[in-house]
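Visitor: I would like to look closely at a single part of this model rather than tour the whole of it. Please choose one part and take me through it, giving the cut-offs behind each term as you use it.

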Amino acid sequence: MPELPEVETVRRGLERLIIGKTIARVTSDTPKSFPNDPIEVRSFLVGARCVAIRRRAKLLMIDWSSQYTLVVHLKMTGQLVYRGDENFGAGHPNDSLIGELPDRSTRVELTFSDGAHLYFNDQRKFGWMKLYPTSEVEAIDFLTRVGPEPLEDIFTPEAFVARIRRRNNTTVKAAILDQTVLAGVGNIYADESLWGAKIHPATRVREITDAQLGCLLGQIKYVMNLSIEAGGSTDRNYVNAEGKRGSYIDFARVFRREGQPCPRHPEVMIEKIRVAGRGTHICPACQVVAA
DNA sequence: CACTTGACCTGTCCGC
DNA sequence: TGCGGACAGGTCAAGT
């Protein structure tokens, strides 16, 4: 599930791989994945040169010299994979989760003037890419509502506490998954950070002290930074821009580790429960619901 | 308004 | 072996 660290990893890869390249051809297989009028897409993208790759929350923004921007949300199973001479046959075969492209999950294919390709693959079709005039991107509804970037230094514990208190009456896991509270947390980093802060995910926000919330923000920053260093988490089918896995899941303390020992309590097994409608991983010894 | 649940999809896994 | 159903989770719409 691409969350902030996965999307940031894709952004960094694309920055290295496609900046300066010029689009020669665009094809898409379904309006759901790329709802713009195909004629307009061609007229605004073909001949355009890639000038920047930006990220905000879990959204990627690919800027073109035509003053248009491709905004991409990978949702659960989306992938943006580059194929060109640079990475052909590179790396260990086990690093890659995908083979020949396009394949049956390919929704959009960008062909560059040098013969390289960028594929937007999405098995479940929840993801999308949309073309906007660059000047209109910041007015996208989601971007006007989304909360601060957790990894920015100006997002302090005080700022986090002030924002999350608006959700005092819900569970802390639902609150940190709420993208209007802060940007980029999904199921993996929610569970990992709550374990790190020793807070039970079903605890109501109002029962948690400011100091504990400050600790939680520190854990969110910690696990996200660690994951970016590891190239993200490949739980099911996430891959980076080169089609390769991330390795954070190897460092995960609770996520997908039900039945295995808690790193703090070797005698206690991690349990999987349901909180905020999501599969949720906890150590029943570390994470006790506040009274 | 605050909060929770269901819908959107498809591949995989489990039990019968 | 085949098949039905549960499950995976980011976000928005609908419901309470």
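Guide: What follows is a walk through the sheets and the helix that lies across their strands. The model is a predicted one, in which local features need pLDDT of at least 70 and side-chain atom pairs count only at pLDDT 80 or more, while totals for chains, interfaces and linings use all residues. Residues are numbered from 1 along each chain as its sequence is written, with chains lettered from A and ligands numbered from 1 in the order in which they are written.

One open sheet is built from four strands with antiparallel pairing, and reading across this sheet gives the order S2-S3-S4-S8. (Strands are DSSP runs of E of at least two residues and helices are runs of H or I of at least four, both numbered from the N terminus; two strands pair if DSSP finds at least two bridges between them.) Strand S2, covering residues 50-56, and strand S8, covering 128-133, are the edges of this sheet, since each of them pairs on one side only. Neighbouring strands here are turned against each other by 20 degrees on average, with direction ignored; for such angles, axes are lines fitted to C-alpha atoms, for helices over the stretch in contact, and values run from 0 to 180 degrees between N-to-C directions.

Within this sheet, strand S3 (residues 59-64) runs antiparallel to strand S4 (residues 68-73), and five bridges join the two. One position to find on the model is Ile62, whose bridge partner in S4 is Leu70. The link between S3 and S4 is a hairpin with three residues between the strands, and in its turn Gln67 takes a positive phi of about 70 degrees. On to S8, S4 is joined by six bridges, again in the antiparallel sense, and there Val71 stands opposite Lys130. S4 is largely enclosed by the rest of the structure, because five of its six residues are buried (20 or more other C-beta atoms within 10 Å of the residue's own, against 12 or fewer for exposed and partly exposed in between, with C-beta atoms placed from the backbone).

There is also an open sheet of four strands in the order S1-S6-S7-S5, and the pairing in this one is antiparallel too. Its edges are strand S1 at residues 23-28 and strand S5 at residues 78-83, each pairing on one side only. Here the average turn between neighbouring strands, with direction ignored, is 15 degrees. Strand S6 (residues 106-112) and strand S7 (residues 117-122) are held in antiparallel pairing over five bridges, and within that pair Thr106 has Asn121 of S7 as its bridge partner.

Helix H1 ties the picture together, for this helix, residues 4-18, lies across S2 and S3 and also lies across S5 and S7. (Residues count as in contact if their C-beta atoms, placed from the backbone, lie within 7 Å.) Taken against strands of the two sheets, H1 runs at about 175 degrees to S2 and at about 25 degrees to S5. With both sheets on the screen, a useful way to follow this is to start from S2, an edge strand of its sheet, pass to H1, which lies across S2, and go on from H1 to S5, itself an edge strand.
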